[in-house]
Amino acid sequence: MSPRPPAWLNVMGLIPPDHGGIYGPGETLTYAAQRLLTTHSLAREFPRSMISKSPFANATAPASDIFKRHQAGGFSDWRLSIGGMVAEPASLSLSDLKSLPVRSQITEVACEEGWSYIAEWIGTPLIEVLKAVGRLPQARYVAYFSIESDWWDSIDMADALHPQTLLTWGMNDGGLPASFGGPLRLRVPRQLGYKSVKYITRLTVTDTMKNFGKGLGSAEPEGGYAWYAGI
């Protein structure tokens, strides 16, 4: 059994959902140190000249019939549902998202397997969506879910409200290709690539991750990865 984290870390919201188990103390120390020192830091942004000529997609589009029907229809029926601890739950189309403030950034996708690439990402800052639906003040996390049912993750409010966290629907001056997560991908450039889940269909704003999956914050810790993957 791992030692219990100090109570003051919990009061300050510095204990990650995967704080238990043999690796829990290390995960807690890493997360707490990052949040104390780098809450408002920015991921490095690059000039257009450094955009990778051959970015690595790392995955093909999901083969489900539901996704193929959306793709055949130009994703006109794609919806992002937002619920949980919000004043006004919503179901937004891609057009709805594009009507909100837009940001573009040229940042790096860094994979835990050792490869990386640089691309321009265009999308709606997550903070703008949370403003539109009225995020409740006691909320601590945003859980986000792919059309692939076993692919989901979450981030804390420091990243959810960060200006570089985007609901991305464009890439390199064009639409976001399906192989890179189109039509909608959450880009979290301050964390490793696996936090940037593809094919996003649902957001849930919450004050605890205990009721999601095994309560570890995402599907990744269930497979041996860390919930917080800051870089």
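1. A quick term before we start: a salt bridge here is a side-chain nitrogen of Lys or Arg within 4 Å of a carboxyl oxygen of Asp or Glu. Asp156 and Arg35 fit that, with their closest N and O atoms 2.6 Å apart. Keep in mind that you're looking at a predicted model.

2. Where do Asp156 and Arg35 sit in the chain? Asp156 belongs to strand 6 (residues 152-156) and Arg35 to helix 2 (residues 24-38), so to speak distant parts of the chain, 121 residues apart, that the pair links. Both Asp156 and Arg35 are buried. They also belong to a network of salt bridges that links Arg35, Asp156, Asp159 and Arg190. Across the whole structure, the search turns up 7 salt bridges.

3. Now look at Arg103 and Glu45, whose side chains meet in another salt bridge, 2.6 Å from N to O. Arg103 is in strand 3 while Glu45 is in the loop between helix 2 and helix 3 (65-72), so this pair ties together parts 58 residues apart in sequence. Are these two buried or partly exposed? Arg103 has 25% relative accessibility, so it counts as partly exposed, and Glu45, at 36%, counts as partly exposed too.

4. The loop between helix 2 and helix 3 also holds Arg48, which pairs with Glu120 of strand 4, 72 residues away. The closest N and O atoms of this salt bridge are 3.3 Å apart. Arg48 is partly exposed, with a relative accessible area of 43%, whereas Glu120 is buried at 5%.

5. Strand 4 (residues 116-125) deserves a good look. Why call it largely enclosed by the rest of the structure? Because 9 of its 10 residues are buried. Strand 4 runs antiparallel to strand 3 (residues 103-110), and 8 bridges join the two; Thr107, for instance, has Ala119 as its bridge partner. These two strands form a hairpin with 5 residues between them, and Gly114 in the turn has a positive phi of about 110°.

6. Strand 4 has another partner: strand 7 (residues 166-171), also paired in the antiparallel sense, over 5 bridges. Here you can find Thr124 bridging to Leu167.

7. Last stop, helix 5 (residues 126-133). Its buried residues are Leu126, Val129, Leu130 and Val133. Viewed down the helix axis, they fall within an arc of 100°, so they line one face of helix 5. That pattern makes sense, because an α-helix has 3.6 residues a turn and residues three or four places apart point the same way. Right after helix 5 comes Gly134, with a positive phi near 75°.

Definitions and conventions. Residues numbered from 1 in each chain as written. Predicted model: local features only at pLDDT ≥ 70, side-chain atom pairs only at ≥ 80, totals over all residues. Heavy atoms only, no water. Buried < 20%, exposed > 50% of the residue type's maximum accessible area, 1.4 Å probe, protein only. Helix = DSSP H or I, 4+ residues; strand = E, 2+ residues; numbered from the N terminus. Arc of directions from axis to C-beta. Pairing = 2+ DSSP bridges.
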